Amino acid sequence: MTDWPTSLPDLTADTRAKLAALPVVRLAKSSALFHPGDVAQGFVIVLSGRIEVTLTSLSGREIFLYAVEPGQSCVQTTLGLMGGEPYEAGAIAATDLELVLVPRGLFSDLMASDPGFRGHVLASFGRRMQEMTRLLEQVAFVRIESRLAAALLSLETQGNVTATHAELAARIGSAREVVTRRLDGFAREGWVQLARGSIEITDAAALRQLATLEG
């Protein structure tokens, strides 16, 4: 994996050498990467797999904020490294992971010395902030049924969605009980079939139409 920095454009040869020398970290699915209140230790570059970042309220309700996959950045980590703020959210490995952790000191040095690295970090940060804005718009202005339909379609694999009602609720910014009621309604309409731990999509066209409706 020593050639992975070639996927990052416009880096100096010195930066590539420093990044290539960093060890590849392998984490099993469900491993915790950080918790609320933790201090960012370095900049995560995902080589393979998926990280999911969630925000938890005092009552224990979770909201899915975003995922981090190869080529994407974690806005919480970037804020922590650049602004010194502790994490407000938590993150777990949604799949087995391979990643590189750029230590805080090296990250600061590269941000100051390499315009290519700095540009990559800031561009990734900007894209992530746009996604966060869209998430806020969805929660504020798009009705729950539409958000749930869109979530089911995005998680579908060969007509099936493997997710609990609580996981779906976290993803769309709602409560588990609300998701359960809406899924029961989808089932009555013949759009899905419900089973323990999985959902079969039986009318994807109806869900796609619903997903386009606003509140």
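**Exercise 1. Salt bridges**

Find how many salt bridges the structure holds, and work through three of the pairs.

*Solution.* Start with the total: the structure holds seven salt bridges, each being a side-chain nitrogen of Lys or Arg within 4 Å of a carboxyl oxygen of Asp or Glu. Before going on, note that this is a predicted model, in which local features need pLDDT of at least 70, side-chain atom pairs count only at pLDDT 80 or more, and totals for chains, interfaces and linings use all residues. Residues are numbered from 1 along each chain as its sequence is written, and side-chain values use heavy atoms, with hydrogens and water left out.

Step 1: take a pair within one helix. Aspartate 14 and lysine 18 form a salt bridge, 3.2 Å from N to O. Both residues belong to helix 1 (residues 13-20) and sit four residues apart, about one turn of the helix. Helices (H or I, at least four residues) and strands (E, at least two) are DSSP runs, numbered from the N terminus. Aspartate 14 is partly exposed at 47% relative accessible area, and lysine 18 is partly exposed at 37%. Here buried means under 20% relative accessible area, exposed over 50%, and partly exposed in between, with a 1.4 Å probe and protein chains only.

Step 2: look at a pair between strands. Glutamate 98 and arginine 26 are joined by a salt bridge whose closest N and O atoms are 2.9 Å apart. Because glutamate 98 lies in strand 7 (residues 97-103) and arginine 26 in strand 1, the pair ties together parts that are 72 residues apart in sequence. Arginine 26 is exposed, at 54% relative accessibility.

Step 3: go to glutamate 52 and arginine 171, a salt bridge with its closest N and O atoms 3.2 Å apart. This pair links distant parts of the chain, with glutamate 52 in strand 4 and arginine 171 in helix 6, 119 residues apart. Arginine 171 is buried, with a relative accessible area of 18%. Now widen the view: Arg50, Glu52, Glu69 and Arg171 are linked in a network of salt bridges.

**Exercise 2. The largest pocket**

Give the volume of the largest pocket and describe its lining.

*Solution.* Step 1: set the terms. On a 1 Å grid over the protein atoms alone, a cavity is a set of points where a 1.4 Å probe fits but cannot get out, while a pocket is an open set with protein on both sides within 12 Å along at least five of seven lines; lining residues have an atom within 4 Å of a point. Points are joined across faces, edges and corners, and a volume is the space filled by probe spheres set on them.

Step 2: the largest pocket holds about 690 Å³ of space. Its lining has 27 residues, of which Glu52, Ile92, Ala94, Glu167 and Arg171 are the closest to the centre. The salt-bridge partners Glu52 and Arg171 thus return here, among those closest residues.

Step 3: helix 6 gives the largest share of the lining, five residues. By class, the lining divides into 13 nonpolar, eight polar and six charged residues. Ala, Val, Leu, Ile, Met, Phe, Trp, Tyr, Cys and Pro count as nonpolar, Asp, Glu, Lys and Arg as charged, and the others, Gly among them, as polar.

**Exercise 3. The enclosed space**

Which residues line the largest cavity?

*Solution.* Step 1: there is one cavity of 30 Å³ or more, and the largest cavity holds about 40 Å³ of space.

Step 2: the lining residues are Leu33, Phe34, Val44, Ile51, Cys74 and Thr77. Five are nonpolar, one is polar and none is charged.

**Exercise 4. Positive phi**

Place serine 30 and glutamine 158 in the chain, and decide whether each is buried or exposed.

*Solution.* Step 1: recall that most residues other than glycine have a negative phi.

Step 2: serine 30 has a positive phi near 80°. Serine 30 sits in the loop between strand 1 (24-27) and strand 2 (32-34), and at 53% relative accessibility serine 30 is exposed.

Step 3: glutamine 158 has a positive phi of about 50°. Glutamine 158 lies in the loop between helix 5 (144-155) and strand 8 (160-161), and is exposed with a relative accessible area of 77%.
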